[in-house]
Amino acid sequence: MHSFAYRENALFTFSVTTLAFICAIASFSDNFSNQTPSAQMEVSLTLNITARLAVTIYLEHKAEEMEVKARAPGKIILAGEHAVVHGSTAVAAAIDLYTYVTLRLPLQSAAENNDRLTLQLKDLSLEFSWSVSRLKEVIPCDSNTSSPASCSGDTLKSIAVLVEEQNIPEEKIWLSSGISTFLWLYTSIRGFSPATVIITTELPYGSGLGSSAAFCVALTSALIASSILDKTHREGWSSLDETNLELLNKWAFEGEKIIHGKPSGIDNTVSAYGNMIKFCSGEITRLQSNMPLRMLITNTKVGRNTKALVSGVSERTVRHPDAMKSVFNAVDSISKELAAIIQSKDQNSVTEKEESIKELMEINQSLLQSMGVSHSSIDTVIRTTLKHKLTSKLTGAGGGGCVLTLLPTVVSGTVVDKVVEELESSGFQCFTASIGGNGAEICF
Ligand SMILES: Nc1ncnc2c1ncn2[C@@H]1O[C@H](COP(=O)(O)OP(=O)(O)OP(=O)(O)O)[C@@H](O)[C@H]1O
Ligand SMILES: C[C@@](O)(CCO)CC(=O)[O-]
Ligand SMILES: [Mg+2]
């Protein structure tokens with residue numbers, strides 16, 4: 001297991017460094033005054049470096065645990081939600097609201113005194129904890145695979161027993177799928193080992209901004225980062241390399257399957273890779289926006305659940321396959337056109353491009369309505385913004401949740417303030433977020 005290798009490695013380096021340090025001190029006292037100034041400088045430098053290394057490694061060795069942090073962004077879907085599950089193209093962008101994961105792994109001696117896996121959801125003041133032996137007893141061993149695999153129905157049932165034992169408060173029962181996903185991802189990637197995992201998020205839960213994907217991506221990033229051997233301390237956040245990004249995206253997709261049932265993969269992909277993407281049947285095209293894109297995000301605060309909404313659309317598709325096929329085809333065209341406009345370098349004025357985007361959003365919203373995923377709260381936001389000549393569409397799974405309103409460059413701050421005031425007086429919550437930022441990042 002990684003923590004063992006890490007400790008052994010640290011011990012070895014510690015011994016070698018200490019030896020070098022002692023030798024350096026000995027040579028310092030005997031010969032230092034007889035050396036040339038440049039040789040004296042070299043000895044001082046060696047002493048300095050070895051001393052620092054020894055202290056760092058001593059502290060690391062003395063530390064009882066190793067800590068890795070990761071974060072992953074939420075997203076907005078500009079066009080194509082739901083239809084993307086049925087093979088249409090969709091366009092999504094990362095936003096600068098993140099889910100953060102801190103993974104604390106006890107080193108070997110401390111692990112002997114602590115055999116628990118603990119999950120802390122800090123924003124909700126909730127903590128869940130299992131003994132490692134209980135996890136081993138209940139979760140089948142075949143779930144511990146080194147490459148991304150789906151969680152079988154039987155394993156999920158076993159995990160559900162472990163979640164039930166935690167007596168989640170009734171009003172927070174919607175967390176069950178997230179906690180099952182946590183247990184599946186953790187035990188699959190790190191096996192049955194003790195740890196404390198702390199989660200905080202800036203994203204509203206279950207509101208269309210990809211809280212489930214950001215949770216899966218951030219958690220997987222931290223788990224994968226814990227097995228990267230080069231843990232040289234770096235300032236701030238850094239991205240993962242392409243191989244690890246691909247790996248974590250596959251795991252996060254498996255996690256999303258537990259929460260969503262039948263995800264398209266767009267949410268975990270945009271959270272992992274960041275920026276703006278065009279996505280169709282697993283194929284990712286990274287988009288380079290060539291125009292300013294400002295969106296107001298309104299959270300209707302109407303709770304909903306992506307899994308139920310996605311399966312509602314699938315049921316409608318089974319009942320009316322031909323009609324729904326036409327709907328999905330229309331959405332596919334909308335997404336492709338939108339991606340082309342955003343990327344276009346032609347001389348069309350920004351205003352013209354914004355007019356086209358506005359219309360595409362309107363058509364997309366009508367098609368989402370025909371899929372049965374809109375909601376009266378979404379209609380209220382659309383009507384309110386339309387009074388100010390602004391266009392809105394739902395984003396994510398709909399059924400409540402968040403709504404996007406395009407803010408064209410010509411729209412003044414006064415108009416935006418008025419719209420926000422009106423929306424907030426209806427009990428909604430408005431915010432803006434920067435679009436197209438970084439994807440998953442880690443920090444040691
Ligand atoms: N920080 C978190 N900690 C634990 N579980 C989480 C967290 N964030 C999301 N979840 C899980 O994800 C579920 C919400 O996912 P859901 O897909 O329904 O909404 P969403 O991802 O916010 O919206 P959308 O899928 O439309 O973008 C929650 O009920 C919970 O189980
Ligand atoms: C509704 C949906 O299209 C987007 C949810 O953000 C589901 C998915 O693509 O997995
Ligand atoms: Mg989701």
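This is a short dialogue on reading a predicted model, from its overall make-up to a magnesium site.

Me: What should I keep in mind before I start?
Reply: Residues are numbered from 1 along each chain as its sequence is written, and chains are lettered from A and ligands numbered from 1 in the order in which they are written. Because the model is predicted, local features need pLDDT of at least 70 and side-chain atom pairs count only at pLDDT 80 or more, while totals for chains, interfaces and linings use all residues; side-chain values use heavy atoms, without hydrogens and water.

Me: How many helices and strands are there in the protein?
Reply: Helices are DSSP runs of H or I with at least four residues, and strands are runs of E with at least two, numbered from the N terminus. Here there are 14 helices and 13 strands.

Me: What share of the residues is buried?
Reply: Buried means under 20% relative accessible area, exposed over 50%, and partly exposed in between (1.4 Å probe, protein chains only). In this protein, 52% of the 444 residues are buried.

Me: Which residues are the protein donors of the magnesium ion?
Reply: Donors are N, O and S atoms within 2.8 Å of the metal (3.2 Å for Na, K and Ca); water is not among the atoms, so sites may look incomplete. For ligand 3 they are Ser212 (OG) and His260 (NE2), 2.2 to 2.3 Å away. Ser212 belongs to helix α7 (residues 211–225) and His260 to helix α8 (residues 242–260), so the pair ties together parts 48 residues apart in sequence.

Me: Are Ser212 and His260 buried or exposed?
Reply: Ser212 is buried at 12% relative accessible area, and His260 is buried at 8%.
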